[in-house]
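Me: I'm new to reading protein structures. Could you walk me through a few features of this one?

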Amino acid sequence: MNPVTAPAVDVKADFPVLKREGPDGRPIAYLDSAATSQKPLAVIDAMSSYYRNSNANVHRGVYGLAQEATDLFEGARERVGAFVGGETPTTIFTRNATEAINLVAYAWGREHIGEGDEVLITHMEHHSNIVPWQLLCEERGAKLRYLGVTEDGNLRLDELDEALASGRVKMVAVVHVSNVLGTINPVAEIAARARAAGAACLIDGSQAVPQLPVDVAEIGADFYVWTGHKALGPTGIGVLHGRRDVLEAMRPFLGGGDMIASVGFESSTWNELPWKFEAGTSPIAEAVGLGAAIDYLAEIGMDAVRAHERDLTAHALESLARIEGLRVFGPTDLDLRGGAVSFEVKGIHPHDLAEICDREGVCIRAGHHCAQPLMRSMGVPATARASFHVYNTREDVDRLAAALGSAREVFGL
Amino acid sequence: MDSLYRDYILDHYKDPRNFGELDPHDLEGHDHNPLCGDELGVHVKVSADGTTIEDLRFHGQGCAISQAAASMASEELIGMKVAEIPGLSAEWVTDLLGIDISPTRRKCALLSLKVMRGATGGDASWPE
């Protein structure tokens, strides 16, 4: 491994909340970015400036202020789309990734999934990419099937062809990067195999867009969803990218203002893409904030972000391996995993690990990470998880290792 | 000494009393903490006249706080009247634990009481 002395990306000072002191008086070591990322000043300022200087409702007003708000909102959409290789009209703002998946499950699923059809997901999914499909399958009399996960934390892709061979699979919905195992799945290959078998494909990129260079056109899935708040942006905004022909053929999801062309007494006609899927007043300030977030990431460069997270992950895997009784879940090959490391320490429940880490200002997550089927297939009730972003340093990882040592002491191990 | 992980808490965590299953049993309960996925079940044997808890076993998995709470509670519950259980308060458990429970760990401490109340016909929602 490269003996890196200074982090390649050194941006901690851009994130005000990271100056906050933990119980021991030191600034916190925030290692829970897979749950939500911290926000750089650029994002906070962009949203504040929007409300201070430019706030108006979008798309309707003829006055200058409304035009400015519309330009900021639509400008953000254009940059957000381009950031991941998507086109502007097929970049749809939702409330979060969960809503984007629900949009597809309802607006596409109800038209295309019928009795006896199958939806194929995986044991690695977040609840957000499980429950909408359970609801859909229950309603339509369809069957929900799962691809398994190998012991070293990779998808059982050998089961994919067998599952697709039935000819009944109409949707394959897969996570790009696992929020628990960190596994990076070969989503372009999965999308291609789904398409060859006549199935649509949805990729949940919530953990991928924040840390990897992503090109949705290259991946070629029918739908690609992600969320703003894990990518340094605000909460309350997610993104759905879809294939234009598929989106155009779909019925709307939510009905209301902004998504219509005209409203009659009995029926209405729909607005063009992307607005057809954006009923009601949009998260305008949030779009402006997300625009600032992806500008910030683009300035660092997603290749540099990925390299930084890879370095922190390598350092974490190495440091944690020295702790007695500690077991890491997920792939050990750094090319196959992103910046989330789940682990357990024999004799200490993950909740207790997180509690003792907190005393030293180290913020980690403990629990099922909204992935209970994965926990069951791994045979554990819960794990502890450290996850990284651009603002983390090797020192944060060292503090985690030290805090885990303290936990072993408290528990007399 | 650690303010939360006191010696007796760790002792009950590492060596939980009255843990396992009890067959046959007269009453049973099972529940989980949705925040962390921890699970706890209980088997209860009552006296022939149906009034007194003769024996019980908790089973499941959880953190030091939830396991110690179940273990310490089990020692008190054996011999109590079945009719008393639904009326036991959250404070009954936290006093038993004798440590300050932060809001984020409160459900860990109260899971065993929730399960016991449910098993004895009481309110199975989270104790206040």
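Reply: Sure, let's go through a pocket, a helix and some aromatic rings, keeping in mind that this is a predicted model.

Me: Let's start with the pocket. What is the volume of the largest pocket, and which residues are closest to its centre?

Reply: When you read a pocket, look at its volume and then at what lines it. The largest pocket here has a volume of about 730 Å³. There are 26 lining residues, and A:Asp32, A:His351, A:Ile364, A:Arg365 and A:Ala366 are the closest to the centre.

Me: How do the residues of that lining divide into nonpolar, polar and charged?

Reply: You'll find nine nonpolar, nine polar and eight charged residues in the lining of the largest pocket.

Me: Which element supplies the largest share of the lining?

Reply: That's α11(A), with five residues. Both α11 (350-359) and β14 (365-367) of chain A supply at least two residues each.

Me: Is α11(A) mostly covered or mostly uncovered?

Reply: Go through a helix residue by residue and ask which ones are buried. In α11(A), seven of the ten residues are buried, so to speak mostly covered. Among them are A:His351, A:Asp352 and A:Leu353. Just after this helix, have a look at A:Gly361, which takes a positive phi of about 75 degrees.

Me: Now the rings. How many aromatic pairs are there over all chains?

Reply: The count comes to ten. To read one, check the distance between ring centres and the angle between planes. For A:Trp108 and A:Phe223, the centres are 6.3 Å apart and the planes are at 70 degrees; over 60 counts as edge-to-face, so that's what this pair is.

Me: Where do those two residues lie?

Reply: A:Trp108 lies in helix α3 and A:Phe223 in strand β7, both of chain A, so the pair ties together parts that are 115 residues apart in sequence. A:Trp108 counts as buried at 7% relative accessibility, and A:Phe223 counts as buried at 0%.

Me: What about the pair of B:Phe19 and B:Phe58: how are their planes set?

Reply: Their planes are at 45 degrees and their centres 6.5 Å apart, so the pair is tilted. B:Phe19 is in the loop between α1 and β1 of chain B, while B:Phe58 is in strand β3, 39 residues apart. With 22% relative accessibility, B:Phe19 counts as partly exposed, whereas B:Phe58, at 0%, counts as buried.

Me: Which residues do ring pairs link into a cluster?

Reply: Those are A:Phe15, A:Tyr30, A:Tyr296 and A:Tyr391. Rings can have charged partners here too: the charged end of B:Lys114 sits over the ring of B:Trp126, 5.0 Å from the ring's centre.

Key. Residues are numbered from 1 along each chain as its sequence is written. Chains are lettered from A and ligands numbered from 1 in the order in which they are written. This is a predicted model: local features need pLDDT of at least 70, side-chain atom pairs count only at pLDDT 80 or more; totals for chains, interfaces and linings use all residues. Side-chain values use heavy atoms; hydrogens and water are left out. On a 1 Å grid over the protein atoms alone, a cavity is a set of points where a 1.4 Å probe fits but cannot get out, and a pocket is an open set with protein on both sides within 12 Å along at least five of seven lines; lining residues have an atom within 4 Å of a point. Grid points are joined across faces, edges and corners, and a volume is the space filled by probe spheres set on the points. Helices (H or I, at least four residues) and strands (E, at least two) are DSSP runs, numbered from the N terminus. Ala, Val, Leu, Ile, Met, Phe, Trp, Tyr, Cys and Pro count as nonpolar, Asp, Glu, Lys and Arg as charged, and the others, Gly among them, as polar. Buried means under 20% relative accessible area, exposed over 50%, partly exposed in between (1.4 Å probe, protein chains only). Rings of Phe, Tyr and Trp (its six-membered ring) pair if their centres lie within 6.5 Å; planes under 30 degrees apart count as stacked, over 60 as edge-to-face and the rest as tilted. A charge sits over a ring if NZ of Lys or CZ of Arg is within 6 Å of the ring centre and within 35 degrees of the ring normal.
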